[in-house]
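Open the model in your viewer and keep the sequence panel beside it. We will go from the whole chain to single residues.

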Amino acid sequence: MKFLAVTAPVLFSIVHHWIPAVSALEAPGGPLYPVDVVAQNYTDDEGVLLQGFLSLPSTATQVALPVVVVLHDSSGPDTYEQQRATMVARELGYIGFAADVYGLLTDIPEDTGGWAGPYTELIAQLTSNATLFALRIRAAVDHVKSLPEVDAERVALIGYCLGGTGIVHYLNSGEKGASAGAVGFHPSIPMVRPRPGGGGAGAAGQVFGGARRLGGERARHLQGGWGGG
C-alpha cells in the first residue's frame with residue numbers, strides 16, 4: 001500500500017484516459033497511443049491457458065520494478081488494455097501487464113447490446129462466480145511475480161468495468177499476498193461483505209466511477225474492509 005498510496009493518483013491520471021490533451025497522438029490514453037507489448041502465455045490453477053501482454057520500460061535496469069496488472073473490460077485484453085500496459089512502462093517507468101481473465105481459446109461473441117445473448121453469458125461466467133474470477137486474477141498476479149524483472153512485493157491491480165468488478169471479487173476473496181493495492185474503475189458492486197482477511201497482506205483497494213471515487217453504503221463498506229479508507 002505504500003506503493004498504492006504514492007502512485008494511485010498518478011495511475012489514475014495516466015492510465016485512465018482522463019488527461020486533457022492537445023491531440024490524440026500526443027495524449028497518453030489517446031486512440032493513437034502506441035502499443036509496445038510482448039504476448040506471454042500462462043495458466044490458472046485449473047490448467048486454463050491464458051495470454052497476457054507484457055510491457056517493459058525502454059531503459060534497462062538491474063533493479064526489480066513494480067508491476068501494474070491491467071484487468072480488461074468485457075471485450076478482452078485488446079488494444080485498449082495493451083495501450084495502458086505500455087503507458088505504465090513508458091510514462092511511469094514500471095512494468096505493465098495486460099492480463100487475460102477469459103482464456104486464450106475463448107471465443108468472444110459480438111456485443112449486440114442488451115442484457116441477453118452469448119456476450120452477456122460469457123461475462124456472467126465470471127461475474128456470477130467470484131471464485132473463478134479471483135482464480136483467473138490470481139493466475140496473472142502469480143505469473144508476474146515469477147518474472148525476474150518484477151519486484152514481487154509491489155504488484156498493483158487496475159481494472160476497467162468487468163476488470164473493475166473482478167477487483168471487487170478478488171479483494172473480497174481472502175487472497176493472501178495478492179497485491180500491494182488495487183483500483184477498480186466503474187465496477188459493479190456486488191451485495192457482499194468483505195471476508196475476514198480479504199485483500200491479503202494489507203492490500204488497499206478503491207473503486208471509481210469515472211474520475212470520482214464511488215460512495216454509497218456498499219462501496220464505502222467494501223473499501224473500508226479492504227483498507228482503502
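The tour below starts with the overall fold and then moves to selections.

This is a predicted model: local features need pLDDT of at least 70, side-chain atom pairs count only at pLDDT 80 or more, and totals for chains, interfaces and linings use all residues. Residues are numbered from 1 along each chain as its sequence is written, and side-chain values use heavy atoms, with hydrogens and water left out.

**Whole protein.** Colour by secondary structure. Six helices and eight strands appear; helices (H or I, at least four residues) and strands (E, at least two) are DSSP runs, numbered from the N terminus. Their order along the sequence is α-β-β-β-α-β-α-α-β-α-β-β-β-α. Of 229 residues, 52% count as buried (under 20% relative accessible area; exposed is over 50%, partly exposed in between; 1.4 Å probe, protein chains only).

**Select 130-145.** This is helix α4, with 16 residues. At 1.5 Å a residue it should span 22 Å, and its end C-alpha atoms are 22 Å apart, which agrees. The expected span is 1.5 Å times one less than the number of residues. Its buried residues include Phe133, Arg136, Ala139 and His143.

**Select Thr43.** It lies in strand β1 (residues 38-43). Thr43 is partly exposed, at 45% relative accessible area. Beyond its neighbours within four places in sequence, Thr43 is in contact (heavy atoms within 4.5 Å) with Val48, Leu49, Leu50 and Ala139. Now add Asp142: its C-alpha is 9.8 Å from that of Thr43, across 99 residues of sequence.

**Select Cys161.** Find it in the loop between β5 (150-160) and α5 (162-171). Its phi is near 55°, a positive value in a residue other than glycine. Cys161 is partly exposed, at 33%.
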